[in-house]
Amino acid sequence: MADFVFNGQIFRSEMEERKWEELNMDILVNVFGRVGMESLLLDVPFVCKPWYKASREPQCWEHLIFPEYIKPDDIWGKYSPDRGFSERLVTTYQENLSVTAFMRFIVNRSCGCATIIKLPRHCTEEALEYIANECPRLKGLDAVFHVGLFYMKSVLPQIGLHCNNFIWLSARRAGIRKYVASAIVASLPRLEYLDIPYTFFEREALVIILQGCKKLVYLDVRKCFGFCDDDAEILELASHIPVFMCEGSRIR
């Protein structure tokens, strides 16, 4: 109950205090799906039982944004920006997980509902294969630096086989050669968005992409080296792509 005064008269109104733990489960899931991996693992589940239950819903784990430098089995890396996350993870779960085991653990939380995944720098081929096999709803993959594409030749076919909705691939500073480009074309026929700026991109590899990825609507290869941004053939081959960016790219 609360009192308030209006025109000199005292009125009383009932103001029911809303408790966070009593919020509708759908609302909690919607909120918790936006808080980030660290909070979802190490903060939210320990507030109360309803929050713990909500945090285990697969819908909270649709976007798996792994910290770039996470390396749970080596938490004492002196200069790791994600050392704090690693330390909290080990302290909370009382277990030193390998990178592969940690990624499997997170992927399992999604129960096949993950749609967007950003890989950590220390991602392994085994972890990538697990993602390809266990995330059938996957739409997009962000492979940090060289890590993802280092294994892509063997993993891309599995993504193409199991992930029918896959349309977006990002791999900045990855290094794209002909064999990787051929794997992308052969394995990802529905690819619409390709984001690979700031890297070495063989001219022949780019030609393979432009000729083979027929559904591209977005291609970012800005500030790459391996081809020139004024290459007439490249510009002609890319003319059908609504958003094509290659500014600042040069031979070397």
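Reader: Why does C135 count as buried?
Author: The model is a predicted one. In it, C135 has a relative accessibility of 0%. Buried means under 20%, so C135 counts as buried.

Reader: How do you know that C135 is in no disulfide?
Author: A search of the whole structure finds 0 disulfides. For C135, the nearest cysteine sulfur is that of C163, 6.8 Å away. A disulfide needs the two sulfur atoms within 2.5 Å, so C135 and C163 do not form one.

Reader: What is the overall make-up of the chain, in helices and strands?
Author: The chain has 11 helices and 9 strands. Of its 252 residues, 42% count as buried. Among contacts with a separation of 6 or more, 68% are between residues 24 or more positions apart.

Reader: What makes helix 9 roughly parallel to helix 10?
Author: Helix 9 (residues 178-187) and helix 10 (residues 203-212) pack at an angle of about 10°. Angles under 35 degrees count as roughly parallel, so helix 9 is roughly parallel to helix 10. Their axes are 8 Å apart.

Reader: Which residues meet where helix 9 packs on helix 10?
Author: From helix 9 come K178, A181, S182, I184 and V185. From helix 10 come E204, A205, I208, I209 and G212. By class, this contact has 6 nonpolar, 2 polar and 2 charged residues.

Reader: Why are helix 8 and helix 9 called roughly parallel?
Author: The axes of helix 8 (residues 152-162) and helix 9 cross at roughly 10° and come within 9 Å. The limit for roughly parallel is under 35 degrees, and helix 8 and helix 9 are therefore roughly parallel to each other.

Reader: Which residues make the contact of helix 8 with helix 9?
Author: K153, L156, P157 and G160 of helix 8 meet Y179, A183, I184 and S187 of helix 9. These residues divide into 5 nonpolar, 2 polar and 1 charged. I184 is among the helix 9 residues that meet helix 8, and I184 is also among those that meet helix 10.

Reader: How do you know that the span of helix 5 is close to the expected one?
Author: Helix 5 (residues 99-110) has 12 residues and reaches 17 Å from its first C-alpha to its last. The expected value at 1.5 Å a residue is 16 Å, and the span is close to that. Just after helix 5, C111 takes a positive phi of about 50°.

Reader: Which residues of helix 5 are buried, and what do they pack against?
Author: The buried ones are V99, T100, F102, M103, I106, V107, R109 and S110. Their packing partners are helix 2 (37-42), strand 3 (63-65), helix 4 (83-93) and helix 6 (125-134).

Reader: F105 is in helix 5 too. Is F105 buried, partly exposed or exposed, and why?
Author: F105 has a relative accessible area of 26%. Partly exposed lies between the 20% limit for buried and the 50% limit for exposed, so F105 is partly exposed. Beyond residues up to four places away in sequence, F105 touches L41 and Y93.

Reader: Why does T115 count as buried?
Author: T115 lies in the loop between helix 5 and strand 4 (116-118). Its relative accessibility is 13%. The cut-off is under 20%, so T115 counts as buried. Leaving aside neighbours within four places in sequence, T115 is in contact with E62, H63, R137, L138, K139 and G140.

Reader: What makes D82 buried?
Author: D82 is in the loop between strand 3 and helix 4. Its relative accessible area is 18%. Under 20% is called buried, so D82 is buried. Not counting residues up to four places away in sequence, D82 touches P67, E68, Y69 and I70. The C-alpha atoms of D82 and I70 are separated by 5.6 Å, although these residues are 12 apart along the chain.

Reader: And M245, why does that residue count as buried?
Author: M245 is in strand 9 (residues 243-245). Its relative accessibility is 19%. Buried means under 20%, so M245 counts as buried. Apart from neighbours within four places in sequence, M245 is in contact with Y218, L219, D220, V221 and R222. M245 and R222 are 23 residues apart in sequence and 5.8 Å apart in space, C-alpha to C-alpha.

Key: Residues are numbered from 1 along each chain as its sequence is written. This is a predicted model: local features need pLDDT of at least 70, side-chain atom pairs count only at pLDDT 80 or more; totals for chains, interfaces and linings use all residues. Side-chain values use heavy atoms; hydrogens and water are left out. Helices (H or I, at least four residues) and strands (E, at least two) are DSSP runs, numbered from the N terminus. The expected span of a helix is 1.5 Å times one less than its number of residues. Buried means under 20% relative accessible area, exposed over 50%, partly exposed in between (1.4 Å probe, protein chains only). Contact means heavy atoms within 4.5 Å. Axes are lines fitted to C-alpha atoms, for helices over the stretch in contact, and angles run from 0 to 180 degrees between N-to-C directions. Angles under 35 degrees count as roughly parallel, over 145 as roughly antiparallel, 65 to 115 as roughly perpendicular and the rest as oblique. Ala, Val, Leu, Ile, Met, Phe, Trp, Tyr, Cys and Pro count as nonpolar, Asp, Glu, Lys and Arg as charged, and the others, Gly among them, as polar.
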